[in-house]
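Colleague: I should like to go through the aromatic pairs of this predicted model. Please show the sequence and structure before we begin.

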Amino acid sequence: MSMKKGMLYGVGVGPGDPELVTMKAARILREADVVAVPDKGSGEKTALNIVREWTADRELLYCPTPMVRDKALLDGCYGKIADDICALLDAGKNVAFITLGDPTVYSTYIYVHKKVLSRGYRAELIPGVPSFCAVAARLNTSLCEGAERLLIVPASYEGVEECIDFPSNKVFMKSGRALPALRDKLEARGLLEGAAMVANCGMEGERVYESLKELEAGEGYFSVVIVKE
């Protein structure tokens, strides 16, 4: 077997504010031979925009990650990305794959990470500031105190009702098109007063809702709701 010299880094770049990129992430981006960039096909390169300060002269590898739930299609996409990255690693290049927030929290990157590891290559996760921590800070509140529990919920998937009814403080991520339905479910349980949200936290177009009662229309994908019991 040929010597696999390159290292893959899954780099969390935080929720949007470049000042929340960690010193370690910035160093790895400066030292990487290639920066892999998730490409959802919309033309927006949110993660890349956050780290342009450290990637201006880097070779870029665009990685198509369509916003669909077809597992077979996605697995094929992740396999192709792994092929491209492994070819670079075989050439002795270090690759930094940038991902919003933290790579261990609902990150598309983690599927590529697993594939590359399973092929016998070296890969490392670099933590980043999770969006829900930045949102709580923007709202000037805590996520949990003392014996309080915290439940993190992907709001656009099944099972939201049982999560809402679970006794804990809650973070609803990946709300997107499910936001109006989530708002209605919270209102039906009398929880709207204790629900707050930030859309596009730390990015251009940031919007803060101290209460979801203020929400009249839907928001985009980068919307995080915090519900305090």
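**Aromatic pairs and their surroundings**

Modeller: A convenient starting point is Tyr 78, which at 8% relative accessibility counts as buried.

Colleague: How many aromatic pairs does the structure hold?

Modeller: Tyr 78 and Tyr 111 form one pair, with 5.2 Å from centre to centre. Phe 97 and Tyr 109 form another, with 5.0 Å from centre to centre. The number of aromatic pairs in the structure is two.

Colleague: Is the pair of Tyr 78 and Tyr 111 stacked or tilted?

Modeller: Planes under 30 degrees apart count as stacked. The planes of Tyr 78 and Tyr 111 are 10 degrees apart, and the pair is therefore stacked.

Colleague: How far apart in sequence are the parts that this pair ties together?

Modeller: Tyr 78 belongs to helix H4 (residues 71-90), whereas Tyr 111 belongs to helix H5 (residues 109-118). The pair therefore ties together parts whose separation in sequence is 33 residues.

Colleague: Which class describes the pair of Phe 97 and Tyr 109?

Modeller: An angle under 30 degrees would count as stacked and one over 60 as edge-to-face. The planes of Phe 97 and Tyr 109 stand at 45 degrees, so the class is tilted.

Colleague: Where does Phe 97 lie, and how many residues of that strand are buried?

Modeller: Phe 97 lies in strand E4 (residues 95-99). On one side of E4, Val 95, Phe 97 and Thr 99 are buried, and on the other Ala 96 and Ile 98 are buried. E4 is therefore largely enclosed by the rest of the structure, its buried residues being five of five.

Key. Residues numbered from 1 in each chain as written. Predicted model: local features only at pLDDT ≥ 70, side-chain atom pairs only at ≥ 80, totals over all residues. Heavy atoms only, no water. Phe/Tyr/Trp six-rings, centres within 6.5 Å; stacked < 30°, edge-to-face > 60°. Helix = DSSP H or I, 4+ residues; strand = E, 2+ residues; numbered from the N terminus. Buried < 20%, exposed > 50% of the residue type's maximum accessible area, 1.4 Å probe, protein only.
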